[in-house]
Structure formats: structure tokens, C-alpha cells
Amino acid sequence: MPSTHSASGAARDHFQVLIVGGGTAGITVAARLRRAGVRDIAVLEPADVHWYQPLWTLVGGGRAPLGVTRRPEASVMPRQVHWIREAATAVDPEARTVTTAAHRTIGYDHLVMAPGLRLDWDAIPGLDAAVGHGAVSSNYAFEYAPYTWELIRGLRSGTAVFTQPSGPVKCGGAPQKIAYLAADHWRRQGVLDRIRVVLVLPADSMFGVPVWRRALERVAERYGIEVRLNSEMTAVDGAARRLTVADHSTGTEDGLAFDLLHAVPPQRAPGWVERGPLTDPASPYGYVEVDKHTLQHPRHRNVFALGDVANLPTSKTGAAVRKQAPVLVANLLAEINGEHREQRRYDGYTSCPLVTARGKVLLAEFDYDQRPAPSIPLLDTTKERRDMWLLKRYGLPALYWRGMLKGLV
């Protein structure tokens, strides 16, 4: 089993490459570095469970069991990579050290920042106290996703509200996807006409890329969903089953009673990252500053970042990490070897399988310029497709566990 000790039994306190975070981004980079021949790698990760989070929407929609999204962290840690089972609490890029919650100081030659983001439940008054019981749930935490399905399955009439906060969130389409899965279920049960479905979105449109925006507008119309744009939930009273919605286009607020609320919490960088020296001054959410093409920190050339913690103008998805990782690894290897060749470039590719019904998915793929960037030839993924559902439910998880986390794809 991976450990933090050398053959002599002494604790290691310096590594050639230190990766902060053992989630999707951290493990993928570690695996690719090992395949490239880098031997002295450590991953700083306190959790003993590794989650495949993209399926939590289907868990909340009753289309997948929670158990298939979970594996032991030890099972995904690449061989011969040192696993430091502690949480990072500070970074000093001048001294080239990371401090842990156990008050250890670990040195590095090169640093990869991949600690993900944090769910800021407290940012919306009342949400932390309300979520997970009563009529409030969220697919953004594994402990609540099964409860979402319990609420959907039990609702026969009333008002169901689905919210998204302003700012970047993991998988920007997920707040909408659960609304469509719920509406599809209620339609199949013959009760949709007795349920008012409200979708509260902070942007001025349902999706940034026109071709998928138009498709989602048709989906919402099909289910009779009331879409509130330029709006967000600003407070919730779980006991009273009432929330406050701010309309930013008019500057007004109004109350809304609900019988079911699926709430997405605001999201930002981990606190120690947000307060640290690697933060992008341009990010109000504390994400790490990197060149958007090379994924290298502009002030510290031995520091790289990817995934949710990186301040990149693209969606925070596992598909984005899959394209970021090979670019980062190539550029990190060049830095390690002192090579002065042209750097690899990431074009902002991301992908979001937009679940619109049980068995139907729109696959949105696009780049920094919001241009469609299809990866599957000859298939029109701007239309709802059964095969894209199978890809979402079965193909992508297999690709994740067997390919991506092993540094193969």
C-alpha cells in the first residue's frame, strides 16, 4: 500500500513532485507522471474514499445507486506514488513547502495544485441547516444525493424549486439536469400537471453555447418548467419551506413557498488556497492563478494547477481535467528537464452530458471560445440521444476508473 515512508522507515519530507489533492485531477496527473518515468512523486490527500461525482445526478434522479460512485482511495493511488494521508493547510512558494494539518512541512521541487473546491453552504442563510432533511436536498454531496430521489419519488403535487448560485460550480449543467430527471419522472407518474417546477438560474440564458441553449429551452418548455433567469436564491427557511429569490435584472426579491427544493451551494476555493499566495487576484472565489493554456503559474514556474481549483474560463468538469492533464504533464516534464521547447496548450475543452430525461442526453462539448468541439465523429450530439445516455451512465464511468485514473486516456 502506498505510504509516506522510505525503505529505511523514516518519514519523507521532500519530493521532486508534490501533488496536493487525490481526486480526479491529482490522481490522473500522478498516473501520467509515473508512466512518463518520474519516480519521486507524493500525493497529499486525507480522504480514504474516492468518488466519481458525475453520477451523483443520476443517483439523485433514481437512475444509479450511490455505491457505484465510490472506491477506496488506496485502489486508485498509482503504484510507487507516496500517499501522504493528511490535509494541506498552507503553501509557501518561495520556500517551496506545503504545511499540513498535522503541522508537517513538506518540501517540493515542483508543485501541482489539485485540491478541488469547497461547497460554501453557509453563503446562503439557512441552507446549511436545511439541507438533507425536510424538503431540501442537493446532489452536490454524496450524503444527500439519495435523499433527492426520496423527495422526488414522494412528491405528488405542489411546488418544486431547483436553484443554481452565481459563480463557477462543478458541472454547470447539473443544477438543470436534476430538474429534467424529476420532471420526466413526474410525467411518467402522471402527476407533472399537478406540480409547479421552477428553475432558478443566475445567468441571462440557460446555456452559454447557442445550439445547446436552444435545445434546453425546448426541454424546459416540454415539461412546462418556469425558468427564472438572472436570478438566484439568497435565503431559505427549511422549516417554513420558503425561500427568497433575488432577480438581478430588476433588483427585486420575492418569497417562494416550496414542497421540494434542490439547492446547489455556492462554491469557491478551499480556505487555505483562497488566503494563500497562489490565488488569482482576478478571482473573487479564490481560485489559483494559472496561464489558461499552459496551466503554469505566472509567477512561480515550478507550480502548476488544474481541475476545479484552477481559475480557468471554462466549466469545471472531469472532461476538462482529462484534456488538461496531458498538457500539464507535458509542460511540467519540460520544466523538470530544463527544456525550452514550445509548451503544450490547452484550448479550454470541456464537456457536459446534459441529461434531459430517463434515457436521453444532449452531449455539450465546447472550448474557451464557446465553439462546439465534438469528439465523436458522425453523431449529432446537439439532439437528445439514447446512446449518449448509455455513454453517461456506463461508458464514462468505465473510462474514468479504467483509463483516466490510470493515465491511459
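Two residues are in contact when heavy atoms of one lie within 4.5 Å of heavy atoms of the other, and this idea will be used throughout the tour of this predicted model.

**Stop 1: Leu-199**

Begin by selecting Leu-199, which sits in strand β12, made of residues 195-200. Leu-199 counts as buried because its relative accessible area is 0%. If you leave out the residues up to four places away in sequence, Leu-199 touches Phe-162, Pro-175, Gln-176, Ala-179, Tyr-180, Met-206, Ile-225, Glu-226, Val-227 and Arg-228. Now add Ser-231 to the selection and draw a line between the two C-alpha atoms: Leu-199 and Ser-231 are 32 residues apart along the chain, and their C-alpha atoms are separated by 9.5 Å.

**Stop 2: helix α1**

Next, select residues 24-35, which form helix α1 with its 12 residues. From its first C-alpha to its last, helix α1 reaches 17 Å, close to the 16 Å expected at 1.5 Å a residue. Of the 12 residues of α1, 10 are buried, so this helix is largely enclosed by the rest of the structure. The buried residues are Ala-25, Gly-26, Ile-27, Thr-28, Val-29, Ala-30, Ala-31, Arg-32, Leu-33 and Arg-34. To see what covers them, show β1 (14-20), β2 (41-44), β3 (49-51), α3 (73-76), β8 (105-113) and α9, which are included in that cover. Then step just past the end of α1 to Gly-37, where phi takes a positive value of about 100°.

**Stop 3: Asn-331 and Asp-308**

Helix α9 has a residue of its own to visit, since Asn-331 is placed in it. Asn-331 is buried, with a relative accessible area of 1%, and beyond its neighbours within four places in sequence it is in contact with Thr-294, Phe-304, Gln-343 and Arg-344.

Move from there to Asp-308, in the loop between β19 (303-305) and α9 (318-336). Which side chain of opposite charge is nearest to Asp-308? The nearest is Lys-170, 4.8 Å away, and Asp-308 is buried yet has no salt bridge. Lys-170 is also among the contacts of Asp-308 outside its neighbours within four places in sequence, together with Gly-116, Leu-117, Tyr-287, Lys-316 and Thr-317.

**Stop 4: two cysteines**

A search of the whole structure finds 0 disulfides. Select Cys-171 and you will find that its nearest cysteine sulfur, that of Cys-352, is 3.7 Å away, and that Cys-171 is in no disulfide. Cys-352 is likewise in no disulfide, and it counts as buried because its relative accessibility is 5%.

**Stop 5: two residues with positive phi**

Now select Gln-80, in the loop between α3 and β5 (82-84). Its phi is near 65°, a positive value in a residue other than glycine. Is Gln-80 buried or exposed? Gln-80 counts as exposed, because its relative accessibility is 59%.

Leu-378 can be viewed in a similar way, in the loop between β21 (360-366) and α10 (386-402). Phi of Leu-378 is near 70°, again a positive value in a residue other than glycine, and Leu-378 counts as exposed at 90% relative accessibility.

**Last stop: confidence**

Finally, colour the chain by pLDDT, which averages 95 over the protein chain, with 97% of the residues scoring at least 70. Over residues 1-10, however, pLDDT stays under 50, and the model has 21 contacts beyond four places in sequence for this stretch. Where pLDDT is low, the predicted coordinates should not be read in detail.

Definitions and conventions:
Residues numbered from 1 in each chain as written. Predicted model: local features only at pLDDT ≥ 70, side-chain atom pairs only at ≥ 80, totals over all residues. Heavy atoms only, no water. Helix = DSSP H or I, 4+ residues; strand = E, 2+ residues; numbered from the N terminus. Buried < 20%, exposed > 50% of the residue type's maximum accessible area, 1.4 Å probe, protein only. Lys, Arg positive; Asp, Glu negative; His and termini not counted. Salt bridge = Lys/Arg side-chain N within 4 Å of Asp/Glu carboxyl O. Disulfide = S-S within 2.5 Å. Expected span 1.5 Å × (residues − 1). pLDDT = per-residue confidence, 0-100.
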